[in-house]
Amino acid sequence: MKENIKVILKRGLGILLISGMFVACNDDDFFLLKNRNGLGSEVVWNSEGSIDMHLNKTYDNIIPRWPYQTVPDRFDIHLVSDESYYASNAGWGARAMGVFGAALTNHDVRYVGNLYNNNYLSNRYFDIARCNNAIKFIPDSPIDEARKRHFLGQYHTMRAMVYLELCKVYGGVPLVLEPQDPANIEANGRASARQCFEVIVDDLTKAVDYLSDPDYVTTGDHWGRLTAEAAASLKAKALLYWSSPQFNPVSDPKHSYDAARWQTALEANKTAYDLCIAKGHRLVPEYGNIFRIAPGASNPETIISRPYSNSRQNRGHDEERKNRPTSEAGAPFIGYRATLKLLQAYPMKDGSPIGEGNYAYDEVLFWKDRDPRFTATFAHNGSVYPLSSNNNRIQWNYQGAINNGVTESANWAVYTKKFTTPGLAAATVPIQNGVGGSGMDWIEMRFAEVMLNYAECANETGDMATAKRLVREIRQRAGIEAGSNDYGLGTIGSPAQMRDLILNERMIEFAFENKRNSDLRRTRRWHLLSGEPLETIQIIVNDPFTAANLNSGVRETIDINNKESYETYFTTVVLPQPNGYGVINIPEYHNFYTFHNDFVWRGVNIYPTIGWEGGTFDPLDN
């Protein structure tokens with residue numbers, strides 16, 4: 001085993017440390033340095049310009065992209081949930097949710113990476129190695145001391161980001177905190193979750209200090225750089241995870257519940273919230289515009305983002321096309337197809353759950369009198385869906401519907417519109433010659449998440465008033481009515497009720513923002529989905545009418561908000577799962593995955609996670 005990890009790191013970490021740091025330079029001479037083990041070479045660490053290029057590549061590798069922009073082998077395991085229909089595609093995500101195919105085995109989860117290259121998500125320890133190099137060698141650089149701190153703050157933040165993501169998946173992971181000499185590898189075994197979180201929190205504490213310099217620039221061309229408030233918010237998030245049931249189970253006979261963790265998390269989350277407020281962050285006025293506001297400091301809700309461009313070569317993405325209907329140059333992607341469960345998670349417009357409050361839920365006119373975030377997120381049959389600068393455009397979603405002279409081949413009952421750009425012409429939606437699309441930034445963390453993290457900690461420490469205040473502000477921004485039940489919060493009287501409400505609030509506030517999978521595992525509710533069907537809906541045309549009748553103009557007479565009128569023409573049906581599919585079936589031990597066989601066999605003392613075949617490593621021990 002010892003020799004094997006030397007080989008893997010000679011090919012992997014060693015290659016990265018010596019030459020991979022120069023990838024961003026696009027200069028072959030950098031790959032031909034005579035001092036091939038010159039990890040502290042003047043060429044890199046003695047110049048602000050070369051450090052900045054190394055930093056840019058590190059950002060490119062670590063700051064998350066749009067979730068479906070790059071999906072490496074088996075990565076859909078980490079993207080599926082009960083919010084989208086993605087797991088119905090018979091992929092690895094279907095196996096992760098247990099709806100199709102064989103159950104996951106030890107070799108199937110490859111989040112840590114499986115390749116020896118410096119590409120996005122190919123090898124998370126390559127990402128860590130980039131940060132380790134910088135953290136080791138920048139302190140001895142002759143550059144300005146203030147610039148050293150700025151650089152170090154960003155590297156410490158990104159190293160913590162990678163380790164936090166690894167811990168969310170595996171629980172406890174090998175801790176590599178120094179540049180590794182391929183001839184003398186020091187990485188050995190999996191550290192406990194506690195040890196990992198201590199490193200994560202320490203990195204982020206340092207980062208907040210380093211990035212608090214008022215001369216540190218993050219606007220203009222520097223938009224997207226990590227900030228002190230970003231580091232503080234990540235630290236608060238890490239401590240939220242450390243306090244939550246995934247790492248702090250309430251009724252585990254082997255590991256005592258530690259209520260004190262929640263107090264520590266509360267203090268960190270309040271600090272992050274206060275710092276964000278002091279730095280000018282706030283909720284944007286309209287929920288539907290969060291992702292549409294022009295990139296840069298004009299979006300006060302953004303805490304961490306990845307900038308894109310539709311005019312700079314190879315700096316765009318294809319997510320506009322993946323969200324748009326076919327009639328508007330779209331190719332709807334199944335990851336953005338809502339489940340019935342998500343559609344029913346939205347409360348009524350007074351904040352009350354379906355079946356409570358002053359508004360009756362109608363299964364036929366399911367969009368009526370709902371939380372305004374519903375219509376900000378979804379385009380239902382017959383609704384106004386502005387695209388291509390047509391503010392009066394109507395989206396018809398019945399089977400066989402034709403819009404703009406184009407048949408909607410996807411046959412979805414609802415489309416996700418929160419990531420589309422109303423003013424973008426259909427002709428410019430596809431990426432062509434490396435440019436095009438919307439150029440919309442990916443917002444990895446926004447102020448609403450900081451608020452809900454804080455609310456959750458307040459609730460767990462007995463301060464329901466603060467928890468309600470924060471959720472109330474989010475619901476006020478959403479346009480929910482105060483009503484007679486305090487935005488739907490008045491009937492919440494226990495921490496357990498508030499806990500459930502906050503988790504549901506996260507599901508709808510962050511719909512399709514890649515939070516749901518992690519939230520369910522963090523709260524140990526991932527396996528509790530077992531027995532639920534993964535369902536979505538379709539709109540069919542009633543006899544004696546046909547899609548051709550409606551497409552010819554009959555639909556213009558339909559009042560979609562009148563039940564009698566609507567039911568004359570349409571029926572909403574639950575789309576049956578394909579043959580061979582079953583209900584969700586997730587084992588409880590999937591709260592923590594295990595490393596794939598390549599990583600285990602070539603490592604030193606890397607043992608499988610308990611619950612998995614041959615598993616002996618318990619992340620919660622120690």
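Okay, let's start with a histidine: setting aside the neighbours within four places in sequence, His527 touches Ile586, Pro587, Glu588 and Asn591. Before I go further, remember that this is a predicted model. So where does that histidine sit? His527 is in the loop that runs between helix H16, residues 516–522, and strand S11. And is His527 buried or exposed? The relative accessibility comes out at 16%, and buried means under 20%, so His527 counts as buried. If you want a feel for distances in this model, take His527 and Asp213: they are 314 residues apart along the chain, and 44 Å lie between their C-alpha atoms.

Now the overall layout. The chain is split into two domains. Domain 1 is put together from 43–72, 110–216 and 592–621, while domain 2 takes in 338–430 and 535–576. How far apart are the centres of domain 1 and domain 2? Taken over C-alpha atoms, the separation is 44 Å.

Next up, an arginine. Arg65 is found in the loop between helix H3, which is 48–62, and helix H4, which is 92–96. Arg65 has 18% relative accessibility, so this one counts as buried too. What does Arg65 touch, once you leave aside its neighbours within four places in sequence? The contacts are Asp60, Thr70, Tyr120, Arg306, Tyr308 and Trp442. Look at Tyr308 in particular: Arg65 and Tyr308 are 243 residues apart along the chain, yet their C-alpha atoms are separated by 9.6 Å.

Keep Arg306 and Trp442 from that contact list in mind, and let's go to the strands. Strand S1 covers residues 302–306, and S1 pairs with S10 in the antiparallel sense, over four bridges. If you want one spot to click on, Ser305 stands opposite Ile443 in S10. How many of the residues of S10 are buried? Strand S10 runs from 442 to 446, and five of the five are buried, so S10 is largely enclosed by the rest of the structure.

On to helix packing. Helix H13 is residues 447–460 and helix H14 is residues 464–478. They pack at an angle of about 155°, and their axes are 7 Å apart. So, parallel or antiparallel? With angles over 145 degrees counting as roughly antiparallel, H13 and H14 are roughly antiparallel to each other. H13 passes H14 in a left-handed crossing. Who is doing the touching? From H13 you have Ala448, Met451, Leu452, Tyr454, Ala455, Ala458 and Asn459. They meet residues of H14 including Met464, Leu470, Val471, Ile474 and Arg477.

There's another helix pair to look at: helix H6, residues 145–170, and helix H8, residues 228–243. Their axes come within 11 Å and cross at roughly 20°. That makes H6 roughly parallel to H8. The crossing of H6 past H8 is left-handed. On the H6 side the residues are Thr157, Met161, Leu164 and Lys168, and they meet Ala231, Leu234, Ala238 and Tyr241 in H8.

Last bit: some backbone oddities. Where is the cis peptide bond? Go from Asp543 to Pro544, and you'll find omega near 5°. Pro544 lies in the loop between strand S11, which is 536–541, and helix H17, which is 547–551.

Then we have a couple of positive phi values. Asp369 is not a glycine, but phi there is about 60°. Asp369 is in the loop between helix H11, 340–345, and helix H12, 372–377. The relative accessible area of Asp369 is 27%, so Asp369 is partly exposed. Asn433 also has a positive phi without being a glycine, with a value near 55°. You'll find Asn433 in the loop between strand S8, 431–432, and strand S9, 435–436. Is Asn433 buried or exposed? Relative accessibility is 70% there, so Asn433 counts as exposed.

That's my tour. Any questions, shout.

Conventions:
Residues are numbered from 1 along each chain as its sequence is written. This is a predicted model: local features need pLDDT of at least 70, side-chain atom pairs count only at pLDDT 80 or more; totals for chains, interfaces and linings use all residues. Side-chain values use heavy atoms; hydrogens and water are left out. Buried means under 20% relative accessible area, exposed over 50%, partly exposed in between (1.4 Å probe, protein chains only). Helices (H or I, at least four residues) and strands (E, at least two) are DSSP runs, numbered from the N terminus. Two strands pair if DSSP finds at least two bridges between them. Domain bounds come from an automatic or database domain assignment. Axes are lines fitted to C-alpha atoms, for helices over the stretch in contact, and angles run from 0 to 180 degrees between N-to-C directions. Angles under 35 degrees count as roughly parallel, over 145 as roughly antiparallel, 65 to 115 as roughly perpendicular and the rest as oblique. A crossing is left-handed if the near helix is turned anticlockwise from the far one by less than a right angle, and right-handed if clockwise. Contact means heavy atoms within 4.5 Å.
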